[in-house]
Amino acid sequence: MRIPCPYCGEREVSEFAYLGDAHSVRPDAAAPDAPLRYYEAVYLRENPAGAHDELWFHFRACRLWLRVRRDTRTHEILGVALAGEAAEA
């Protein structure tokens, strides 16, 4: 799989680190049910088939966080944006 970095161009996936779902939110550690919420966040995540937004870190080059829209069935990259720019839009 190749990911088109906005700064570096198309690169091998081995140059990137995968963080996971771009929509996931860390549970509140101060909440009374925090252990249950952390368990659910770590072990009971969705596994969508189709287009999905993910966070990737380009650690071998520009060291920027990217928001990658990828089809999980075919691994086709549908779009890439800098994570900060995607969050602002």
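This is a short chat about a predicted model, its sheet, one arginine and its largest pocket.

Me: Hi! What kind of model is this, and how are residues numbered?
Reply: It is a predicted model, where local features need pLDDT of at least 70, side-chain atom pairs count only at pLDDT 80 or more, and totals for chains, interfaces and linings use all residues. Residues are numbered from 1 along each chain as its sequence is written, and side-chain values use heavy atoms, leaving out hydrogens and water.

Me: Cool. What is the strand order in the open sheet?
Reply: The order is S3-S4-S5-S6, with antiparallel pairing. Strands are DSSP runs of E, at least two residues, and helices are runs of H or I, at least four, numbered from the N terminus. Two strands pair if DSSP finds at least two bridges between them.

Me: Which strands stand at the edges?
Reply: S3 and S6 (77–82) do; each has a single partner strand, so one side of each lacks a neighbour in the sheet.

Me: And how many bridges join S5 to S6?
Reply: Five. Arg70 stands opposite Ile77 in S6.

Me: New topic: is Arg67 buried or exposed?
Reply: Arg67 is buried, at 18% relative accessible area. Buried means under 20%, exposed over 50%, and partly exposed in between, using a 1.4 Å probe and protein chains only. Arg67 is found in strand S5 (residues 65–71).

Me: Which strand gives the most to the lining of the largest pocket?
Reply: S3, with four residues. A pocket is an open set of points on a 1 Å grid over the protein atoms alone, where a 1.4 Å probe fits, with protein on both sides within 12 Å along at least five of seven lines; lining residues have an atom within 4 Å of a point.
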